[in-house]
Structure formats: structure tokens, C-alpha cells
Amino acid sequence: MKHFHAAMLFAALAAPATAQEIKIGYALATDSHYGAGAQAFEKSLTESLGDQFTFRHFPSSGLGGEREVLEGLQLGTVEMTIASDGTLANFVPEVGVLGVPFLLRDKAHARTVLDGEIGDEMLAKFETAGLHALAWGEQGFRHITSNRGAVETPADLAGLKIRTMENPVHLEAFRALGAAPTPMAWPEVIGALEQGAIDGQENPLSVIVSAKLAEVQDYLTLDGHVYSSTIILVSPIFWDGLDDAQKAAFEKAADDAVVAMRAYVDDVDTSGVAALREGGMEVNELSPEQKAVFRDALAEPYKAYEAQFGKDLMDRIQAVQ
Ligand code: PAF
């Protein structure tokens with residue numbers, strides 16, 4: 001009997017501790033760039049740490065809008081998320097500079113900025129906002145979709161009821177272009193488009209394709225007005241409970257998730273337009289000269305952006321090669 005108890009005790013000590021569950025919430029479907037990032041993260045972490053953690057995915061805003069999920073991380077009720085910089089600017093205002101239209105030239109420029117000093121400085125600021133940021137993911141350049149017609153010049157935006165993220169930088173830009181922007185959390189957008197409460201919205205091809213916006217929008221204008229990034233974040237309460245080896249594995253998993261997200265975005269940037277045309281969308285692409293007209297129309301908001309974020313920071317971002 002004595003031996004039996006000793007054997008039981010030994011077995012209990014030798015057994016792996018119960019796996020800790022990670023609830024990960026994100027706005028889009030599992031077959032989106034968010035899903036690709038979340039799955040790559042899980043795979044990498046499992047390769048590094050075996051069965052120490054299990055993942056429970058809540059795609060398609062299953063835990064609510066991005067702001068609510070981020071508040072869950074602050075409270076420690078949700079362990080992980082991938083969320084857009086547009087929402088995150090409400091937590092770390094400096095991140096709002098990335099939402100300045102036409103500031104980032106192309107994906108290569110954006111990736112170099114975010115992978116460098118400026119990106120690292122911004123990630124570090126999340127600690128004081130009650131969040132732990134692991135790495136910059138990606139959505140791609142945002143374009144306009146609508147049910148009212150193709151957009152060729154700012155005049156085509158006049159009075160357009162366009163949904164924007166809850167982001168003052170975007171609101172200001174669309175107002176200056178003559179549109180009637182409406183800030184709205186993502187989970188309400190498809191319903192609002194279906195009901196005609198709004199005429200259009202703006203998002204990258206990664207979102208337009210994966211959220212099947214061709215079913216509710218007739219026109220797509222490839223204007224690439226702003227680059228949209230994301231951040232992979234964990235709850236600081238959860239993070240503080242990890243040991244150093246686990247933290248290193250999370251950091252590696254985040255890097256692997258970024259690679260997967262960027263690959264998804266590169267792929268959809270190549271194949272997305274054809275798929276959307278097949279889905280019935282009419283697509284036009286602005287020439288560099290047409291884009292310059294939009295950029296010039298933003299001279300006033302640009303002064304406000306410089307006052308808000310500092311001309312130095314904007315110049316520093318633009319100087320990155
Ligand atoms: O438009 C937005 O709110 C974001 O781009 C989305 C679709 C929620 C992804 O982060």
C-alpha cells in the first residue's frame with residue numbers, strides 16, 4: 001500500500017502540468033491573414049514548447065470588436081489577439097501616425113519602418129497602455145469599396161457615406177476629401193452595407209477578399225490611400241506568468257506569424273483583384289497622377305497631423321529607405 005502511494009505521487013510529479021489555454025480573438029475568418037498568423041503562431045509555439053499551451057481560436061470577432069478584445073487583454077480575461085493599428089492608436093496615440101494617408105510609400109518601406117527602430121519604439125509603448133506587444137503583422141494598403149460608383153477624383157467622394165475605423169486620423173482625411181465618414185466597429189460593417197446605412201468602406205485586399213465584401217459592394221477603387229498594419233499582442237497579466245524560455249518561444253512564434261501574414265498579403269495582392277472581378281466587382285486603379293490629386297487635397301489635415309505627431313517623426317518615417 002505504502003509503495004502504491006509512493007508510485008502515485010511520483011507519477012503525479014512526473015506528469016506534465018495541465019496545459020494552459022490561450023484564448024486568441026481576431027476580427028476575421030480563419031482563412032484570412034489574421035487566421036494565417038494565428039495558426040502559424042500556434043504551430044510555432046507547439047513546436048517549441050510541446051503541449052504546455054492549447055489554443056482556442058475566436059475568429060470573425062467571436063469575442064467582440066477589436067477594442068473590446070484589447071480591453072479583455074488589459075483585464076486578463078483574454079490572453080492574445082491580433083489587431084489593427086487603426087484600433088491600437090486609441091491605446092497608444094503615437095501609432096496613429098501610421099494612419100496618415102500616403103506616408104508609407106509601399107510595403108517594402110512599411111516593413112522596414114516597422115521592423116526597425118521606429119517600430120520597436122512603438123511596440124515598447126504598449127507596456128504603459130496595459131498591453132504587451134510582440135510584433136508587427138500586416139494587412140496591406142487600404143482601398144475604397146462602394147455601391148455608388150468608381151472613385152477617380154476627390155469629387156467622386158462628395159457626401160459618400162463611408163465607414164472608417166474608429167480613428168480620428170482617417171476621419172479627418174475623408175472629411176477633407178469631401179466624404180461623409182462614419183466611424184464604426186468592424187462587426188457592424190457588413191450589416192450596415194447590406195442595409196444601405198453606409199455606401200462604402202475602406203480596407204486592404206486581404207480584408208476585402210477574406211470577408212467576401214464582393215457580396216455587398218459593387219465597386220473597388222485601388223487607391224492605396226494608407227498602409228494598414230497589425231500588432232500581435234498578449235495580456236501583460238498572462239505574459240508576467242511566463243518563464244524566460246516560454247517568453248522566448250512566444251517571441252519566435254510571433255516572428256513566424258508575421259512571416260505567414262506577410263506571405264498571405266503578398267499572395268492576395270497578386271491574386272485578389274481577379275477573384276473580386278470574378279465575384280462581380282467593378283475594379284479601377286488610380287494612376288500615380290490621380291493619387292497625387294488626393295494627396296494634394298490633404299494639405300490641411302497634413303498640417304494637423306504634423307502638429308499631433310511631430311514633423312520630426314513623420315520626416316524620420318519618410319527618410320527610411
Ligand atoms: O477595418 C477594420 O476595422 C480592420 O481593418 C479590420 C477589418 C477589423 C481588421 O483589423
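Start by selecting N203 together with the ligand: in this predicted model, a polar side-chain atom of N203 lies 2.8 Å from an oxygen atom of the ligand. With that pair still on screen, compute or picture the ligand without its surroundings, and the figure to keep in mind is 290 Å² of exposed area for the ligand taken alone, of which the protein buries 99%.

Next, add the side chains of E66 and R142 to the selection. An N or O atom in the side chain of E66 is 2.7 Å from an oxygen atom of the ligand, while for R142 the corresponding distance, again between a side-chain N or O atom and a ligand oxygen, is 2.9 Å.

Now widen the selection to the whole shell, which takes in A27, Y34, E66, S84, Q139, R142, R163, M165, W186, N203 and V207 around the ligand. If you colour these shell residues by class, you will find five nonpolar, three polar and three charged.

From the shell, turn to the space itself. Hide the ligand and display the pockets: the space that the ligand takes is the second largest pocket, whose volume is about 280 Å³. Its lining consists of 21 residues, and those to select for the centre are E66, T87, R163, A185 and W186, which lie nearest to it. Two of the elements to highlight here are α3 (66-75) and β4, each of which supplies at least two residues of the lining of this second largest pocket; α3 gives the most, with three residues. Coloured by class, the lining of the second largest pocket divides into nine nonpolar, five polar and seven charged residues.

The last stop is the largest pocket, which holds about 400 Å³ of space. To find it, select F141, H143, D223, G224 and K291, the residues nearest its centre among the 18 that line it. Then show the elements that give two or more residues to the lining of the largest pocket, namely β4 (132-146), β8 (219-234), α11 (244-278) and α12 (288-296). Colouring the lining of the largest pocket by class gives eight nonpolar, three polar and seven charged residues.

Before closing the session, select β4 once more, and keep both pockets displayed: β4 is among the elements that supply at least two residues to the lining of the second largest pocket, and β4 is also one of the elements that give two or more residues to the lining of the largest pocket.

Key: Residues numbered from 1 in each chain as written. Predicted model: local features only at pLDDT ≥ 70, side-chain atom pairs only at ≥ 80, totals over all residues. Heavy atoms only, no water. Near = heavy atom within 4 Å. Polar contact = N/O pair within 3.5 Å; in protein donor to acceptor, adjacent residues only side chain to side chain. Areas by Shrake-Rupley, 256 points an atom, 1.4 Å probe, with all protein chains shown as cover. 1 Å grid on protein atoms, 1.4 Å probe; cavity = no way out; pocket = protein on both sides within 12 Å on 5 of 7 lines; lining within 4 Å. Sits in = over half its atoms within 2 Å of the grid points. Nonpolar A, V, L, I, M, F, W, Y, C, P; charged D, E, K, R; others polar. Points joined across faces, edges and corners; volume = space filled by probe spheres on them. Helix = DSSP H or I, 4+ residues; strand = E, 2+ residues; numbered from the N terminus.
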